[in-house]
Amino acid sequence: MNRNLRKILTIVLFVTSAVTANAVVIFPDSTVLGKYPYVRFLEKGADIQLSDNEFYNISRKVVFPVNKHVLPENSPLLKEIENEIVPLINKDSLTIRHLMIRGAASPEGPYNFNKSLGEKRGKALFDFINSRLAFPVSEKDDATIVIPEDYQYLCTMMRDANDADYSKVKQLCDKYLPSNNITALKSALQKANGGKLWKRLLKTYFPDLRASRLVIFIEKPEVEPEPVAVPPEKTDDTPPTGQIEVITPPTEEPDTVIEEPTIFPRREMLSVKTNLLLDAAYVPGYDRWCPIPNVAIEYYPLHGHFTYGASIDFPWWQDYWAHKYFQIRNYQLEARYYLKETTPLEAYEPYKADKAHRQKPAFYGWYLQAYLHGGLFDICFDENRGWEGEGIGAGVGLGYVLPISRNGHWRLEFGLQAGYFRCKYDPYQFECPVDPTEQDHLYYYKWYGDADQFKRRQYRYNWLGPTRIGVTLTYDLLYRKRNLK
C-alpha cells in the first residue's frame, strides 16, 4: 500500500509539472501596456492590419498651434510617452515594429504649405519618440504618413458629434476626394451656406486637425521556457522515493558590456563675439595700426529661425602732439534669420564620445540680417583735418556661420553689411581759423563768420553702400542643457 501510494503521488506531481510547463506565460509589460489603446502587440512576422476607422478610434494626438510644428511642452500625450510608455519599452528591450504617425494640418492654409507643415509635425513626433528609445526605429520604415488636410477625420468628428451639417460635408467629400480635387472641395466648403459653414468649421473642428496622431506597434517578446519537472528515472537498484528531479535549461552567462561614455549635447543660448578685422584695423589718414575694440552678443531662442543681437565699437585713441584722434562710439541692434531650420532641443540625440564627428550648433550656415545703428565720433588726422559729430543708419546684411570646434561652441562668421548712414558734423582745426597769429593751443570749429551766429552741426553727410565687413570669432557664453536619459 505504501509503495502504490508513492507511485500515485509521483504520477500526480509529474502531470502537474507538465501542465505548469505548458501554461501560457503572460509577459508582464504586455499587461501594463495593454491599458493604452494606441499600443498594439503583434505576433512575430504578422502583418500590420489597421483600417482608417480603427486608427482614428484608438490613436492619440498631439495638437499644435496654428502654423507651428514644434511640439508643445504641455502635451499630455508627450508626458505619457516619456514617463510611462518608453520606460516600459526600454526596461524589457521590447522591439517597436512600426510607429504609425499621421501628421496633418487644418484646411484653411494653402495646400502645399499644409503638406509641408503636416510632414514637419509628423517628423517632430517621430523624432521625439525615437530619441528616447534604447533601440530606435529606422526612418526607412516610412512611419510618418502626411495628410495635408484631413477631411476624413473632419467627417468622423462631425458624425460623432451628430452635427446637422455632417451630411452636406460628407457629400462634398465623397464628390471631390476620390479624384483628389482638393481645390474644388475647399472652394465648395467655403461657399456653402454663404460662408457660414466654413467659419463654423474653422472655429469648432479645425483646431483638432492641427495634430500628429499616433499608434505604436510592438512585437510580442519571446518568453523563455520555465524549468520542466521530470520524474526520476526508475532503475531496479533504486527504489522510488516520491521525489522529482527538476532540470533547469542551461543559461549562458551574458558577456560583460562596457558602456561607452555618453555625452548629452548643450544648446547655445547666448554667445559673445568680436570682429577680428576691426581688432587689427589700419586706418588710412591716421597712418598707423589702430585696433577698433568691439564686442557683440547674440541671443538664440529655443527654436525657430530668428536670433537677436547687439554690438558696440569703442576705439578711443588720441595723440595730442601729433593731432591724431580716433574716438568712436558705435552702437548696433540686429536681428538675423538663419536659412537652416533650427532643431528643437528635444530632438537632440546623445552621441558616444569616441565617434569622430562634430556636434553642430543649433544656428549655423547662411543667414540674412537687418540692423539699426547710431553713434558719435571724433576723428582728426592732423592739425587742419578734424571732424566731430553724430549719426544714425540702418541696413541689411548677409553672412555665413561656420563651426570650428568639435563641440560646436566656437564658430567663425563671415559677413557683409550695406545700408544708409546719415550724420551731422562740424569740421575743426588746431588754433583759431580767424586769427592764425593767436596761438592759444586750442581746437576751433572752422567757422569764419560772426561767432554769435555759429550753430553746431551745420554740415550733413549721407552714405549709401557697404557699411561693414566682418570675420568674427564667436564663443557660446551661456547654454541650455537637457539630460536625455
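**Helix α9, its core and the cysteines**

In this predicted model, helix α9 (residues 196-204) has Leu197, Trp198 and Leu201 as its buried residues.

Trainee: What makes the buried residues of α9 line one face of the helix?

Mentor: Viewed down the axis of α9, they fall within an arc of 100 degrees, so they line one face. Lys196, Lys199 and Lys203 are exposed on the other side of α9.

Trainee: Which helices do the buried residues of α9 pack against?

Mentor: Their partners are α6 (151-160), α7 (166-176), α8 (182-191) and α10 (206-209).

Trainee: Which residues touch the most other members of the largest nonpolar core?

Mentor: Leu154 and Val169 do, in a core of 31 residues. Elements that each supply at least two of its residues include α3 (52-58), β3 (95-105) and β5 (211-219). The largest share, 6 residues, comes from α6. Beyond four places in sequence, valine 169 touches Leu154, Cys155, Met158, Leu189 and Leu197.

Trainee: Why is cysteine 155 called buried?

Mentor: Buried means under 20% relative accessible area. Cysteine 155 has 7% relative accessibility and therefore counts as buried. Cysteine 380, with a relative accessible area of 1%, is buried by that criterion.

Trainee: How do you know that cysteine 155 and cysteine 173 are too far apart for a bond?

Mentor: A disulfide requires cysteine sulfur atoms within 2.5 Å. The closest cysteine sulfur to that of cysteine 155 is in cysteine 173, at 3.7 Å, and is therefore too far for a bond. The structure holds 0 disulfides.

Terms used:
Residues numbered from 1 in each chain as written. Predicted model: local features only at pLDDT ≥ 70, side-chain atom pairs only at ≥ 80, totals over all residues. Heavy atoms only, no water. Buried < 20%, exposed > 50% of the residue type's maximum accessible area, 1.4 Å probe, protein only. Helix = DSSP H or I, 4+ residues; strand = E, 2+ residues; numbered from the N terminus. Arc of directions from axis to C-beta. Contact = heavy atoms within 4.5 Å. Core = buried A, V, L, I, M, F, W, Y, C linked by side-chain atoms within 4.5 Å.
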